[in-house]
Amino acid sequence: MTFSERIKNFFSRASGLSDEFFDDLTDLLVEGDFGASGAYKTADILRECCKKEKITSPEAARYRLASLLEDELRRGSLETAAGDIAPDGKQTVILLLGVNGVGKTTSAAKLAMLYRDTYKRRPILAAADTFRAAAVDQLKIHGERLGIRVVAHQQGGDPAAVVYDAVEAAQAGGGDIVIADTAGRMHTKSALVQELRKIDRVVESKAGEAAYIKYLVLDATTGRNALAQAEIFHEAVNIQGVILTKYDSTAKGGVVFSLAADLRLPVLYLCTGEKYGDIHRFDPAIFAREFAGDEPLA
Ligand SMILES: Nc1nc2c(ncn2[C@@H]2O[C@H](COP(=O)(O)OP(=O)(O)OP(=O)(O)O)[C@@H](O)[C@H]2O)c(=O)[nH]1
Ligand SMILES: [Mg+2]
């Protein structure tokens with residue numbers, strides 16, 4: 001059973017909006033990766049809304065929950081709406097960051113295809129994971145399959161220099177959007193912060209007039225751990241948005257609301273599989289409704 005189905009069952013089995021009902025809802029939201037304080041707060045706000053708006057049926061409360069959650073997501077995204085790609089064809093540099101294995105390289109390829117085919121942009125991929133042995137080849141293979149240029153250096157080289165070259169290639173007329181894959185790093189804090197800040201400084205100065213955006217890639221199956229990762233990366237280099245991957249697996253999704261509520265970080269893309277086309281623009285209304293138990297709309 002998916003988490004969304006569990007929420008739906010919970011509401012449809014409830015006989016009324018008692019104190020016990022809201023306690024049980026809190027427990028369920030904790031299981032859904034909301035975190036204890038987020039779950040408590042959400043259930044409490046819902047209780048207040050139901051009282052004020054004279055909502056008495058569990059089914060009506062479920063719809064109210066969906067709209068509360070949607071509002072929360074919208075608040076998160078409004079403040080950082082500037083983090084989205086410039087729609088007017090302005091030169092853009094995107095850095096994909098994240099811990100090991102979350103799906104950075106795959107997401108770089110998916111984004112490149114999406115920007116080219118749907119947004120009619122001209123992407124260049126930058127192989128700035130110079131750390132792992134096979135990383136450059138992995139990105140080159142994606143580039144070949146998609147027919148998208150990949151700028152790469154030798155393994156062991158300086159990642160910032162790779163992005164520098166890719167931006168140079170774009171500025172020389174080779175493209176209008178650079179998507180840089182970076183090495184997976186464990187979030188053992190100080191080393192990460194040092195290294196990230198260095199890449200960030202170099203890319204920021206090279207980007208010049210171009211829009212410069214950092215997306216954090218998070219694996220939805222890691223639950224609350226994803227929030228801890230986001231805190232550290234955001235503190236280190238100020239992220240504009242999140243790409244949430246592996247949402248096709250057993251993901252519960254509550255962490256999306258915590259990202260919005262606690263860090264004001266919007267999820268901008270949801271990835272739901274290993275194929276290039278398995279990336280979707282995040283829609284707060286659809287996500288909130290599905291989370292609260294509505295049938296997928298797609
Ligand atoms: N099911 C599923 N698998 C995914 C998704 N995104 C990525 N993967 C898989 O996750 C694995 C890791 O993906 P990568 O793109 O190599 O991850 P990475 O973050 O670049 O990994 P490192 O470079 O080693 O840090 C691969 O097997 C991908 O196919 C997704 O949305 N759904
Ligand atoms: Mg990688």
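A residue is counted as buried when its relative accessible area is under 20%. This cut-off is applied below to a predicted model of a protein chain.

Confidence in the prediction is considered before the structural detail. The protein chain has an average pLDDT of 90, and 93% of the residues score at least 70. Among the elements of the protein chain, strand 3 (residues 150–151) has the highest confidence, at 98, whereas helix 8 (residues 189–207) has the lowest, at a mean of 84. Over residues 79–83 the pLDDT stays under 50, and the model has eight contacts beyond four places in sequence for this segment. Where pLDDT is low, the predicted coordinates should not be read in detail.

The strands are described next. Eight strands form an open sheet with mixed pairing, in the order 3-2-4-1-5-6-7-8. Strand 3 and strand 8 (279–281) are the edge strands, and each of them pairs on one side only. Strand 2 (residues 123–128) is largely enclosed by the rest of the structure, because six of its six residues are buried. In a regular strand the side chains alternate between the two faces of the sheet. In strand 2, Pro123, Leu125 and Ala127 point one way, while Ile124, Ala126 and Ala128 point the other way, and all are buried.

Strand 2 has two pairing partners in the sheet order, strand 3 and strand 4. The pairing of strand 2 with strand 4 (residues 177–182) is parallel and extends over six bridges. Within this pairing, Ala126 is placed opposite Ala180 of strand 4, and Ala127 has Asp181 of strand 4 as its bridge partner. The pairing of strand 2 with strand 3 is also parallel, and two bridges are found there. Leu125 is placed opposite Val150 of strand 3.

Strand 5 (residues 211–219) is likewise mostly covered, with nine of its nine residues buried. Ala211, Ile213, Tyr215, Val217 and Asp219 point one way from strand 5, whereas Tyr212, Lys214, Leu216 and Leu218 point the other way, and all are buried. Strand 1 (residues 92–97) runs parallel to strand 5 and is joined to strand 5 by six bridges. In this pairing, Tyr212 of strand 5 is the bridge partner of Val93. Strand 5 also pairs with strand 6 in the parallel sense, over five bridges. Here Tyr215 stands opposite Gly241 of strand 6.

Helix 9 (residues 224–237) was examined for its length and burial. Helix 9 contains 14 residues and spans 21 Å from its first C-alpha to its last, close to the 20 Å expected at 1.5 Å a residue. An α-helix has 3.6 residues a turn, so residues three or four places apart point the same way. The buried residues of helix 9 include Ala226, Ala230, Phe233 and Val237. Leu227, Gln229, Ile232, His234 and Ala236 are also among the buried residues of helix 9. Asn238, just after helix 9, adopts a positive phi of about 60 degrees.

Aromatic side chains were then surveyed. The search of the whole structure yields 14 aromatic pairs. One of them is formed by Tyr247 and Phe287, whose ring centres are 5.6 Å apart and whose planes lie at 45 degrees, a tilted arrangement. This pair links distant parts of the chain, 40 residues apart: Tyr247 belongs to the loop between strand 6 (241–245) and helix 10 (254–263), and Phe287 to helix 11 (residues 284–291). Phe287 has a relative accessible area of 6% and is therefore buried, as this value falls under the 20% limit. Phe287 also forms a tilted pair with Phe282, at 5.0 Å centre to centre and 45 degrees between the planes. Phe282 likewise counts as buried, because its relative accessibility is 13%. Both Phe282 and Phe287 belong to a cluster linked by ring pairs, together with Phe3, Phe34, Tyr247, Phe257 and Phe291.

Charged side chains also lie over aromatic rings. Lys206 is positioned over the face of Tyr164, at 4.2 Å from the ring centre. Arg62 is positioned over the face of Tyr63, at 5.3 Å from the ring centre.

Methods: Residues are numbered from 1 along each chain as its sequence is written. Chains are lettered from A and ligands numbered from 1 in the order in which they are written. This is a predicted model: local features need pLDDT of at least 70, side-chain atom pairs count only at pLDDT 80 or more; totals for chains, interfaces and linings use all residues. Side-chain values use heavy atoms; hydrogens and water are left out. Rings of Phe, Tyr and Trp (its six-membered ring) pair if their centres lie within 6.5 Å; planes under 30 degrees apart count as stacked, over 60 as edge-to-face and the rest as tilted. Helices (H or I, at least four residues) and strands (E, at least two) are DSSP runs, numbered from the N terminus. Buried means under 20% relative accessible area, exposed over 50%, partly exposed in between (1.4 Å probe, protein chains only). A charge sits over a ring if NZ of Lys or CZ of Arg is within 6 Å of the ring centre and within 35 degrees of the ring normal. pLDDT is the predictor's confidence in each residue, from 0 to 100. Contact means heavy atoms within 4.5 Å. The expected span of a helix is 1.5 Å times one less than its number of residues. Two strands pair if DSSP finds at least two bridges between them.
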